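User: Hi! I have a protein model open and I'd like some help reading it. Could you walk me through it?

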Amino acid sequence: MHAIITTTGKDRPGVIAAVSKTAADQGLNIVDVSQTIMDDFFTMIMRAELPEGNVDMGVLQDAFDACGKPLGMVVRIQSEALFSAINDI
């Protein structure tokens, strides 16, 4: 199963490192990443493989909330299926 991690906020050093470290600490494998900066606004989308077995998305979201807060970033994670369904036109 895959998840989509989105990160948004004012650009600052260390954002990619912090989000990547949080993903690794949670046993996620990042398989694709796209990021851009528009003026001072940073956006990133990561696609990550979730570990085998039962994954608690609430626990993962708590970890990414804790990662983003000190950086002034909003970091969200959701299953790829849910992300696709919400963003399907």
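Analyst: Happy to; we can go through the helices and the sheet one by one. This is a predicted model, where local features need pLDDT of at least 70, side-chain atom pairs count only at pLDDT 80 or more, and totals for chains, interfaces and linings use all residues. Residues are numbered from 1 along each chain as its sequence is written, and side-chain values use heavy atoms, leaving out hydrogens and water.

User: Great. Which residues of helix α1 are buried?

Analyst: V15, V19, T22 and A23 are the buried residues of α1, which spans residues 15–25. Buried means under 20% relative accessible area, exposed over 50%, and partly exposed in between, with a 1.4 Å probe and protein chains only. Helices (H or I, at least four residues) and strands (E, at least two) are DSSP runs, numbered from the N terminus.

User: Why are those buried ones on the same side of α1?

Analyst: They cover an arc of only 100° around the axis, which puts them on the same side of α1. That arc is taken from the directions from the helix axis to the C-beta atoms. An α-helix has 3.6 residues a turn, so residues three or four places apart point the same way.

User: And which residues are exposed on the other side of α1?

Analyst: There you find A17, K21, A24 and D25.

User: Let's switch to the sheet. What is the order of the four strands?

Analyst: The order is β2-β3-β1-β4, in an open sheet with antiparallel pairing. Two strands pair if DSSP finds at least two bridges between them. β2 and β4 each have a single partner strand and stand at the edges, so one side of each has no neighbour in the sheet.

User: How many bridges do β1 and β3 have?

Analyst: Nine, in the antiparallel sense. For example, T7 has M44 in β3 as its bridge partner.

User: Last topic: C67. Where is C67 found, and is it buried or exposed?

Analyst: C67 sits in helix α2. C67 counts as buried because its relative accessibility is 9%.

User: What does C67 contact, beyond its neighbours within four places in sequence?

Analyst: C67 is in contact with A18, V19 and T22, where contact means heavy atoms within 4.5 Å. V19 and T22 are also among the buried residues of α1. C67 and S20 are 47 residues apart in sequence, with 9.9 Å between them in space, C-alpha to C-alpha.
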